[in-house]
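Reader: I am new to this structure and would like to go through it slowly, asking at each step what a term rests on. Could you show it to me before we begin?

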Amino acid sequence: MESPNGCSRKTASKDVSLQELKERLAEFARVRGWEQHHTPRNLLLALVGEVGELSEIFQWKGEVARGLPNWSPGDKEHLEEELSDVLLYLVQLADVCGIDLGQAALTKIVKNGQKYPLNPKPSPNYN
């Protein structure tokens with residue numbers, strides 16, 4: 001299915017790789033002549049703006065249950081859009097910085113596992 005902005009939209013759910021997102025974003029920017037504007041700084045500032053928009057969705061809702069059972073379809077769609085904006089800018093930022101985001105994330109999970117082991121030693125009691 002082709003959307004009005006020229007990107008194909010799949011109707012069936014599938015796993016999407018970071019590589020596919022990176023390639024499609026690069027092509028999206030290339031055909032529009034936007035590459036010159038996609039510097040690390042500009043992408044970071046755009047990412048921060050999108051995180052702000054994402055934060056606004058939750059700002060006055062208090063605690064929210066997993067799965068968002070009390071949210072309307074429109075609210076969930078808005079959340080999908082803002083989460084997607086954050087992800088897309090993050091993927092672009094990593095790309096222009098030459099970072100393999102998937103590998104970096106896996107490495108970070110390993111480091112976090114070392115930093116926060118399953119059975120941490122009890123903290124010494126200095127009382």
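**Terms set against values**

Author: Leaving aside neighbours within four places in sequence, leucine 47 is in contact with Val86, Tyr89, Leu90 and Leu93, where contact means heavy atoms within 4.5 Å. This is a predicted model, in which local features need pLDDT of at least 70 and side-chain atom pairs count only at pLDDT 80 or more, while totals for chains, interfaces and linings use all residues. Residues are numbered from 1 along each chain as its sequence is written, and side-chain values use heavy atoms, with hydrogens and water left out.

Reader: Which residues make up the largest nonpolar core?

Author: This core has 9 residues in all, namely Leu43, Leu47, Leu54, Ile57, Leu68, Trp71, Leu79, Val86 and Leu93. A nonpolar core is a set of buried Ala, Val, Leu, Ile, Met, Phe, Trp, Tyr and Cys residues joined through side-chain atoms within 4.5 Å, and buried means under 20% relative accessible area, exposed over 50%, and partly exposed in between (1.4 Å probe, protein chains only). Helices α2 (40–58) and α3 (73–96) each supply at least two residues of this core, and the largest share, 4 residues, comes from α2. Helices here are DSSP runs of H or I with at least four residues, numbered from the N terminus.

Reader: Why is the pairing of lysine 14 and glutamate 20 called a salt bridge?

Author: A salt bridge is a side-chain nitrogen of Lys or Arg within 4 Å of a carboxyl oxygen of Asp or Glu, and the side chains of lysine 14 and glutamate 20 meet at 3.1 Å, N to O, so the pair qualifies. Arginine 24 also meets glutamate 20 in a salt bridge, at 3.6 Å, and Lys14, Glu20 and Arg24 are thereby linked in a network.

Reader: What separates glutamate 27 and arginine 30 along helix α1?

Author: They are 3 residues apart in helix α1, and therefore separated by about one helical turn; their closest N and O atoms are 2.8 Å apart in a salt bridge.

Reader: Why does arginine 30 count as partly exposed?

Author: Its relative accessibility is 45%, which lies between the two cut-offs, so arginine 30 counts as partly exposed.

Reader: How do you know that the span of helix α4 agrees with what is expected?

Author: The expected span is 1.5 Å times one less than the number of residues, so the 15 residues of helix α4 (residues 101–115) should span 21 Å, and the end C-alpha atoms are 20 Å apart, which agrees.
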